[in-house]
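Trainee: Please take a close look with me at a single part of this model, and then lead me from there to other places worth attention. I would like the steps to be connected.

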Amino acid sequence: MAVTQQLPNPTLRARLFGARCIPALTDEALFEQAGVRIAFTTRTGGVSEAPYASLNLGAHVGDGLACVQQNRARILEALGAPSEHMIVPNQVHGSNLVDVASADPSALTHAQALATEGADGVVVTCADVSALLCFADCVPVILVAPTGTFAVVHAGWRGVMARIAPTALNELADVAFAPTTGKAPDSADSAAFKRACNIYIGPHICASCFETSEELAHQFADTFGMSCVPDSRHVNLTEALRVSLVEAGADPARIVDACACTKEHTDTYYSYRAEDGVCGRHGAIAYKKES
């Protein structure tokens with residue numbers, strides 16, 4: 001199986017969406033060429049009140065459920081995403097992925113049930129299904145394949161250590177070949193496919209703000225190399241992700257970082273650390289429009 005199309009080089013730029021002008025980071029060229037909309041939201045444009053003000057997308061933080069539902073409806077409407085076909089996992093800081101291969105109601109019910117049991121990534125191989133994951137310092141990652149399939153991943157430090165993003169990259173390659181061959185892809189084809197994928201790293205806590213124990217910093221250094229440990233008490237999650245993704249076959253030129261620290265910019269993003277654990281959640285969202 002050859003790579004069917006070349007995706008545009010990945011970029012992340014701010015844009016206002018919908019009649020309410022809700023801000024988010026996106027890649028417009030990706031949407032225009034491949035029909036895949038990605039978005040990293042901010043805390044602006046919703047109805048929630050402090051301490052969750054205002055576009056809180058997390059239903060597990062103490063905010064009113066009606067507010068969360070209205071916020072989700074607002075961002076989905078602004079993005080043109082299908083509100084009735086959305087998977088939202090119960091994130092557990094693990095490495096489980098949920099595969100969604102059909103927008104059929106029974107398939108979506110099954111996928112959401114698996115996601116509710118606990119998952120930190122959603123791999124979508126069909127059109128007209130959106131995936132939403134929520135964040136407040138952990139790393140949001142969206143991976144898009146040249147076939148238009150995609151994955152949305154929650155990578156806290158445990159997820160980075162468990163290599164959840166490389167697992168999602170490998171899953172995208174596996175599902176791209178299985179329907180036609182019924183078996184694992186040829187190694188050369190798989191390598192070419194993974195190098196053609198775009199990878200977007202959204203806003204998260206930066207290395208200077210992510211203070212850890214010396215033991216954890218040593219674990220990251222041993223696992224991913226010294227480049228991801230600027231000193232004995234800090235970890236660069238972006239660098240650890242880059243190292244693990246490139247080791248898995250990603251093209252480093254196709255990995256783009258939002259370069260926005262959630263802890264340093266609580267006017268724009270939620271931060272669990274900066275807000276003493278009481279805050280909302282911004283989101284990473286993706287979907288592929290129906291042709």
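Mentor: Let us begin with the lining of the largest pocket, which by class has 13 nonpolar, seven polar and five charged residues, where Asp, Glu, Lys and Arg count as charged, Ala, Val, Leu, Ile, Met, Phe, Trp, Tyr, Cys and Pro as nonpolar, and the others, Gly among them, as polar. Please keep in mind that this is a predicted model, in which local features need pLDDT of at least 70 and side-chain atom pairs pLDDT 80 or more, while totals for chains, interfaces and linings use all residues. Residues are numbered from 1 along each chain as its sequence is written, and side-chain values use heavy atoms, without hydrogens and water.

A pocket here is an open set of points on a 1 Å grid where a 1.4 Å probe fits, with protein on both sides within 12 Å along at least five of seven lines, and a lining residue has an atom within 4 Å of a point. The largest pocket is lined by 25 residues, and those nearest its centre are His60, His93, Cys138, His154 and Arg281. Two elements that each supply at least two residues of this lining are strand E7, residues 130-135, and helix H4, residues 157-161; helices (H or I, at least four residues) and strands (E, at least two) are DSSP runs, numbered from the N terminus.

If we follow the chain onward from E7, we come to Asp137, which sits in the loop between E7 and strand E8 (139-144). The phi of Asp137 is near 125 degrees, which is a positive value in a residue other than glycine. To see what is unusual here, remember that most residues other than glycine have a negative phi, and that most peptide bonds are trans. Asp137 is also buried, because its relative accessible area is 7%, and buried means under 20%, exposed over 50%, and partly exposed in between, with a 1.4 Å probe and protein chains only.

Cys21 makes a useful companion to Asp137, since its phi, near 55 degrees, is likewise positive in a residue other than glycine. Cys21 belongs to the loop that joins strand E1 (13-17) to strand E2 (22-26), and its relative accessible area of 43% is why it counts as partly exposed.

The peptide bonds offer a second kind of departure, found twice in one loop. The bond from Ala50 to Pro51 is cis, with omega near 5 degrees, and the bond from Ala53 to Ser54 is cis as well, with omega near -5 degrees. Pro51 is placed in the loop between strand E3 (36-41) and helix H2 (65-79), and Ser54 lies in the loop between E3 and H2 too.

Now turn to Asn198, which is found in strand E10, residues 198-201, and which counts as buried because its relative accessibility is 0%. A polar atom of its side chain lies 2.9 Å from the backbone oxygen of Pro8. The side chain of Asn198 also makes a polar contact (N or O atoms within 3.5 Å, one able to donate a hydrogen and the other to accept it) with the side chain of Arg254, at 2.5 Å. When its neighbours within four places in sequence are left aside, Asn198 is in contact (heavy atoms within 4.5 Å) with residues including Leu7, Asp27, Ile142 and Arg254.

Helix H8 gives us a longer element to walk along. Just before it, Asn236 caps the N-terminal end of H8, with a side-chain oxygen 3.1 Å from the backbone nitrogen of Thr238. Within H8 the buried residues are Leu237, Thr238, Ala240, Leu241, Val243, Ser244, Leu245 and Ala248, and just after the helix Gly249 takes a positive phi of about 120 degrees.

The loop between helix H7 (214-224) and H8 holds Asp231, whose relative accessible area of 36% makes it partly exposed. The side chain of Asp231 forms a polar contact with the side chain of His234, at 2.9 Å, and its C-alpha atom is 9.6 Å from that of Ala207, although the two are 24 residues apart along the chain.

A similar pairing involves Ala192, in helix H6 (residues 187-195), which is partly exposed, with a relative accessible area of 39%. Ala192 and Ala250 are 58 residues apart in sequence, yet 9.2 Å separates their C-alpha atoms. Finally, Asp174 is found in helix H5, residues 164-181, and here the C-alpha atoms of Asp174 and Ser190, 16 residues apart in sequence, are 7.8 Å apart in space.
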